[in-house]
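Work through the exercises below with the sequence and the structure in view. Try each task before reading its solution.

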Amino acid sequence: MAIEKVSSEDFERINSAVDKLKMYFSKKANEIGRPLTYNIRTYGCQLNESDSEKLAGYLDQMGLVDTDAQPADVNIFNTCSIRENANDRLYGNLGVYKSEKLKNKDMIIAVCGCMMKVDENIAKIRKSFPYVDLIFDPQQLHLMPILLLKSLNSKKQAVEINDVDYIADDNNMPITRKRKFRALVPIMYGCNNFCTYCIVPFTRGRERSRDFDEIIKQLNDLAKEGYKEIMLLGQNVNSYGKDLGANKSFADLLRAAAQIKGFSRIRFMTSHPKDLSDEIIDIMATYDSIETHLHLPVQSGSNYVLARMNRHYTREQYLHIVKLFREKVPEGAISTDIIVGFPGETEQDFEDTLSIVEEVKYDSAFTFQYSIRPGTKAATYEDQVPQDVVTERFGRLLELQNRLVYESNQRMVGKTYEVLIEGESSTAPDILTGRTKCNHLVNFIIPESVCKFTDANEFEGKLAMIKITEAKPYSVEGVLESFINE
């Protein structure tokens with residue numbers, strides 16, 4: 001698969017398409033007497049969230065107005081192919097739009113994201129959902145205005161799937177960020193690992209790093225704009241720079257980001273254990289602005305299963321990383337991903353997973369039941385684990401992990417932590433929410449003696465000291481003691 005950098009001439013073509021679409025939507029808005037709206041529904045990971053922010057940036061430039069109402073005048077489904085339930089949700093949601101499209105033929109429906117790199121999914125949409133106007137893959141995200149204009153002009157369903165892995169400079173793309181305080185910053189795209197259960201190398205393409213200086217420019221701009229938290233994103237951030245040939249590594253990038261003034265939190269994910277260097281842990285321990293939280297997917301505690309997954313590390317190597325992190329970042333937290341029921345997993349293999357969970361004592365974990373992903377090597381394995389066995393094992397894992405999370409939260413009670421406020425909590429009115437430096441979720445109140453609560457939005461992005469008063473199964477509760485003056 002070819003890799004190409006998006007040129008300045010390409011962006012001129014894209015901007016020209018944006019201008020034409022702005023005129024088109026303005027005319028439509030005048031005809032119906034109101035601004036046209038858009039809605040983006042995002043499935044999956046933070047990279048998909050970042051992609052949706054770029055799509056929103058283009059749609060804002062076209063004069064459309066973001067709305068939570070569904071359907072909108074322009075509807076985009078940004079899909080994920082990692083889990084089967086994401087596929088099911090997409091098809092269920094698309095089915096609802098059939099009657100809406102019959103009532104409003106000018107309504108636009110587009111589907112993009114990782115699912116669109118799987119031929120079976122495209123065939124299903126073309127057959128069962130012919131009212132979808134545009135289908136395109138994640139590598140062509142930057143070309144969305146050109147593809148949308150082409151679709152409108154043809155008045156036919158447009159399927160735009162390419163074999164080119166593009167590298168686009170984010171500094172040349174409009175981005176409408178969902179959070180006032182947090183900026184998602186992809187540093188690389190694609191994956192070269194070919195884990196046997198994962199379809200990402202086929203949907204996101206091969207690893208390709210963004211230019212080091214372009215990323216640093218973007219980070220400096222974000223700091224000047226007042227963003228307090230950045231999240232450096234990649235399918236495997238530890239592989240950053242290997243394809244650049246310029247002696248720039250993820251350690252270099254992380255260190256440079258930490259030296260930019262203005263950021264309270266620097267986060268990154270995801271780290272692959274086989275590529276996580278001791279240097280990265282040293283950098284995490286050195287700079288106050290780097291979050292003391294390491295997301296380190298283990299997937300299984302069994303060496304046999306890890307080998308069949310093509311993970312390229314052993315249980316012992318993984319535990320060495322954990323030990324080093326605990327020593328150098330003693331107040332840090334570790335989260336993980338775990339798959340239950342991978343083909344060939346025996347009861348002993350699963351017990352190995354339970355034992356590594358007990359030994360590491362993860363502060364949080366994303367746990368999944370294995371599901372077959374068409375196109376992956378594991379989909380061809382004949383020793384699939386029966387679903388009832390998978391479900392029973394999954395229940396045991398959840399019971400253990402939930403206990404460990406609660407114990408982790410209980411250890412926080414009575415202590416005071418620095419929290420970056422994210423806004424209003426969904427738990428109750430007048431409750432704010434935020435996260436500690438080690439990524440624990442904190443819901444808290446503001447006593448009137450400290451500050452009168454009026455609008456939650458005024459606190460978003462502020463740093464505060466919160467005393468933890470109570471542990472919950474998945475979060476902690478506390479009381480604001482003071483704001484941190486910056």
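A residue counts as buried when its relative accessible area is under 20%, as exposed when that area is over 50%, and as partly exposed in between. The model used here is a predicted one.

**Exercise 1. Two residues with positive phi**

Task: Find where Asn439 lies and decide whether Asn439 is buried or exposed.

Solution.
Step 1. Asn439 sits in the loop that runs between β18 and β19 (441-445).
Step 2. Its phi is near 75 degrees, which is positive, and Asn439 is a residue other than glycine.
Step 3. The relative accessibility of Asn439 is 15%, so Asn439 counts as buried.

Task: Do the same for Lys361, in the loop between α12 (347-360) and β16 (364-369).

Solution.
Step 1. Lys361 is not a glycine, yet its phi is positive, at about 60 degrees.
Step 2. Its relative accessible area is 38%, so Lys361 is classed as partly exposed.

**Exercise 2. Counting disulfides**

Task: How many disulfides does the model contain?

Solution.
Step 1. A disulfide is a covalent bond between the sulfur atoms of two cysteines. The cut-off to apply is a sulfur pair within 2.5 Å.
Step 2. For Cys191, the closest cysteine sulfur belongs to Cys195 and is 6.3 Å away, so the distance is too far for a bond.
Step 3. Cys198 is in no disulfide either: the nearest cysteine sulfur, again that of Cys195, lies 6.1 Å away.
Step 4. The count by this rule is zero disulfides.
Step 5. As a side check on accessibility, Cys191 is buried at 8% relative accessible area, and Cys198 is buried at 17%.

**Exercise 3. Cis peptide bonds**

Task: Where are Pro71 and Thr270, and what is the omega of the peptide bond that leads into each?

Solution.
Step 1. The bond from Gln70 to Pro71 is cis, with omega near 0 degrees. Pro71 belongs to the loop between β3 (65-66) and β4 (74-79).
Step 2. Met269 and Thr270 are joined by a cis peptide bond whose omega is about 10 degrees. Thr270 is in the loop between β13 (265-269) and α9 (278-286).
Step 3. The loop between β13 and α9 also holds Ser271. Ser271 has a relative accessible area of 2% and is therefore buried.
Step 4. Apart from its neighbours within four places in sequence, Ser271 is in contact with residues including Asn236, Val237, Leu294 and His295.

**Exercise 4. A parallel sheet and its helix**

Task: In which order do the three strands of the open sheet with β9, β12 and β13 stand?

Solution.
Step 1. The order is β9-β12-β13, with parallel pairing.
Step 2. β9 (182-186) and β13 are the edge strands, since each pairs on one side only.
Step 3. From one strand to the next, the twist averages 20 degrees.
Step 4. Between β12 (residues 229-233) and β13 there are five bridges, in the parallel sense. Leu233 is opposite Met269 of β13.
Step 5. Helix α8 packs on the sheet and touches β12 and β13; the direction of α8 makes about 160 degrees with that of β13.

**Exercise 5. Two helices side by side**

Task: Which residues make the contact between α8 and α9?

Solution.
Step 1. Two packed helices are described by the angle between their axes and the distance between the axes.
Step 2. The axes of α8 (residues 250-258) and α9 come within 9 Å and cross at roughly 10 degrees.
Step 3. An angle under 35 degrees counts as roughly parallel, so α8 is roughly parallel to α9.
Step 4. On the α8 side the contact is made by Phe250, Ala251, Leu254 and Arg255, and on the α9 side by Glu279, Ile280 and Ile283.

**Exercise 6. One helix, one strand**

Task: What do the buried residues of α11 pack against?

Solution.
Step 1. Helix α11 (residues 315-328) has 14 residues and reaches 20 Å from its first C-alpha to its last, close to the expected 20 Å.
Step 2. Among its buried residues are Tyr318, Leu319, Val322 and Phe325.
Step 3. The buried residues pack against α9, β14 (293-295), α10 (303-309), β15 (333-340) and α12.

Task: Which residues are the bridge partners of Glu418 in β20 and of Leu420 in β18?

Solution.
Step 1. Strand β17 (residues 416-424) pairs with β20 (residues 463-471) over five bridges in the antiparallel sense. The partner of Glu418 in β20 is Met465.
Step 2. β17 is also joined by five bridges to β18 (residues 432-436), and the two run antiparallel. The partner of Leu420 in β18 is Arg435.

Definitions and conventions:
Residues numbered from 1 in each chain as written. Predicted model: local features only at pLDDT ≥ 70, side-chain atom pairs only at ≥ 80, totals over all residues. Heavy atoms only, no water. Buried < 20%, exposed > 50% of the residue type's maximum accessible area, 1.4 Å probe, protein only. Pairing = 2+ DSSP bridges. Helix = DSSP H or I, 4+ residues; strand = E, 2+ residues; numbered from the N terminus. Expected span 1.5 Å × (residues − 1). Contact = heavy atoms within 4.5 Å. Axes fitted to C-alpha atoms, helices over the stretch in contact; angles between N-to-C directions. Parallel < 35°, antiparallel > 145°, perpendicular 65-115°, else oblique.
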